[in-house]
Amino acid sequence: MITLTIWSDFACPYCYIGETRLQNAIEQLGLQDDVTVDFRAFELDPTTPKEVVSSTPERFAKKYRLSLEGAEQQIEQISALGRELGIDFRYATTQYSNTRDAHRLMKLAEAKYDRATVGRLNEALFKAYFVENLVLADHGVLLAKALEAGMNEEEVKAVLESDKYDDEVRFDEREAAMRGVHGVPYIVFNGEFAVPGAMSTEGFKSALERELRRQGTEADIKPEGERPHQCGPDGCQLL
């Protein structure tokens with residue numbers, strides 16, 4: 001058995017791309033019954049307001065000191081990676097807002113529901129942001145996605161209207177800091193070795209196969225020739 005612990009944020013494009021590639025790798029190897037995924041919260045920017053204050057191209061241009069046209073080109077390149085996976089990836093029109101409540105909702109799912117429900121919610125939240133371009137700080141959006149995943153309406157409302165599971169989110173982020181994690185996705189195999197960044201599907205297949213053979217006897221892995229993508233507080237980059 002392989003347990004994957006994944007730190008990610010729903011506003012991170014490479015997290016959605018990386019997790020989709022990882023899932024494809026698991027399915028292609030026929031390991032659906034042999035891999036367990038535990039999700040961990042990682043906010044790219046915990047200070048982000050709940051209201052959308054700028055467009056993604058404007059924010060991208062400011063962060064990377066690009067022209068608006070240059071920012072739009074880079075955003076399109078990232079979106080193309082998502083579309084290669086069959087995702088109707090619309091990064092340019094995403095509405096960036098605080099993701100703390102989305103992570104708290106995931107903690108509710110992990111605490112009270114089965115892994116299938118957790119997986120559906122995780123996918124629904126990524127899709128809400130990158131495909132439907134919804135505001136993830138909006139409690140109406142979060143409730144709708146929770147119901148789509150099969151969660152109880154009153155239970156979800158009670159969490160969203162409180163600060164419940166906030167401590168669990170902060171715990172995940174403290175653990176990431178203790179591990180020296182500065183960008184996501186960050187994936188730990190069986191608590192032993194880490195794969196930082198969104199590798200290719202083939203790269204993930206290689207890591208999974210190596211873990212099956214040796215069950216975590218080496219240090220961090222970056223398969224030869226791979227340059228994974230990762231996002232952090234200071235932006236997204238190739239590792």
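A salt bridge is taken here as a side-chain nitrogen of Lys or Arg lying within 4 Å of a carboxyl oxygen of Asp or Glu. Under this criterion, 17 salt bridges are counted in the structure, which is a predicted model.

Three of the pairs are described individually, beginning with Arg90 and Asp88. The side chains of these residues form a salt bridge with an N to O distance of 2.6 Å. Arg90 has a relative accessible area of 43% and is partly exposed; Asp88, at 37% relative accessibility, is likewise classed as partly exposed.

Two further pairs lie within helices. In helix H7, which spans residues 153-160, Lys157 and Glu153 are 4 residues apart, or about one turn of the helix. A salt bridge links Lys157 to Glu153, with 3.1 Å between the closest N and O atoms. Lys157 is partly exposed, its relative accessible area being 30%, and Glu153 is also partly exposed, with a value of 34%.

In helix H8 (residues 166-178), the side chains of Arg170 and Asp166 are joined by a salt bridge at 2.8 Å, N to O. About one helical turn separates Arg170 from Asp166, because the two residues are 4 positions apart in this helix. Arg170 is partly exposed, with a relative accessible area of 39%. Asp166, by contrast, has a relative accessible area of 13% and therefore falls under the 20% limit for a buried residue. Beyond these pairs, Arg40, Lys107, Glu110 and Asp172 are connected into one network by salt bridges that share partners.

Terms used. Residues numbered from 1 in each chain as written. Predicted model: local features only at pLDDT ≥ 70, side-chain atom pairs only at ≥ 80, totals over all residues. Heavy atoms only, no water. Buried < 20%, exposed > 50% of the residue type's maximum accessible area, 1.4 Å probe, protein only.
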